[in-house]
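Me: Could you walk me through this fold? I'd like to start with how the strands go together.

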Amino acid sequence: MTTTIIAPFRGAHNHERCLDEALRIAEDSCRAQGLRLTEIRRQVLTLVWKSHKPQRAYDVLEGLKTFGHKPAPPTAYRALEFLEQAKLIHRIESLNAYIGCADPKKRHSGQFFICEECDTVAEVQDTTVTRKVSRNAGELGFTPRNQTIEILGLCQQCRQH
Ligand SMILES: [Zn+2]
Ligand SMILES: [Zn+2]
Ligand SMILES: [Zn+2]
């Protein structure tokens, strides 16, 4: 039984460092998987990692303009799809948006705690939860495609306001 807090809620901090670290991990992870982190994929990953809040595909598309691109939407969507398949980002279904994964080395389906006030997301990996869901699925004869769990509520900072 292990619970790993992959991405805690973050207050004021040096986000440059988070971004640098995420890009470094992504490079390593792609190399290990034999995948290519092309320039556009790297730029899209940078945009998803803009903060600890999920970014919509539209935000990414707009953000690409800051890199001097005017990409066709499919280019941005394909890059997001690649990053999701490479496990570098997670899709938050309830917000129809993407969040960077701080620990893509491990294959996991996390639990996402989403603040409805500030949109900040914390990622937790609790293997007990994952195993329980698998067991329940087995008893139902159900084959899960995705075990991501999204928990909506208020983060500590927003609750104090
Ligand atoms: Zn950060
Ligand atoms: Zn993750
Ligand atoms: Zn909040």
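Reply: Sure. One term before that: two strands count as paired if DSSP finds at least two bridges between them. Keep in mind that this is a predicted model.

Me: OK, so how many bridges link S1 and S5, and in which sense do they pair?

Reply: Four bridges, in the antiparallel sense; S5 covers residues 121-126. For Ile 5, the bridge partner in S5 is Val 124.

Me: And what's the strand order in the whole sheet?

Reply: S1-S5-S4-S6, an open sheet of four strands with mixed pairing. The twist from one strand to the next averages 25 degrees.

Me: Which strands stand at the edges?

Reply: S1 (3-7) and S6 (149-153). Each has a single partner strand, so one side of each has no neighbour in the sheet.

Me: What lies across S4, S5 and S6?

Reply: Helix H5, residues 127-140. H5 runs at about 70 degrees to S5.

Me: Switching topic: which residues have the most contacts inside the largest nonpolar core?

Reply: Val 44, Val 48, Val 60 and Leu 83, in a core of 31 residues. Several elements supply at least two residues each, including H1 (15-33), H2 (39-48), H3 (57-63) and strands S4 and S5.

Me: Where does the largest share come from?

Reply: From H4, with five residues. That helix spans 73-85.

Me: Back to Val 44, what does it touch?

Reply: Leaving out residues up to four places away in sequence, Val 44 touches Val 60, Ala 76, Ala 79, Leu 80 and Leu 83.

Note on methods: Residues are numbered from 1 along each chain as its sequence is written. Chains are lettered from A and ligands numbered from 1 in the order in which they are written. This is a predicted model: local features need pLDDT of at least 70, side-chain atom pairs count only at pLDDT 80 or more; totals for chains, interfaces and linings use all residues. Axes are lines fitted to C-alpha atoms, for helices over the stretch in contact, and angles run from 0 to 180 degrees between N-to-C directions. Two residues are in contact if their C-beta atoms, placed from the backbone, lie within 7 Å. A nonpolar core is a set of buried Ala, Val, Leu, Ile, Met, Phe, Trp, Tyr and Cys residues joined through C-beta atoms within 7 Å. A residue is buried if 20 or more other C-beta atoms lie within 10 Å of its own, exposed if 12 or fewer, and partly exposed in between; C-beta atoms are placed from the backbone.
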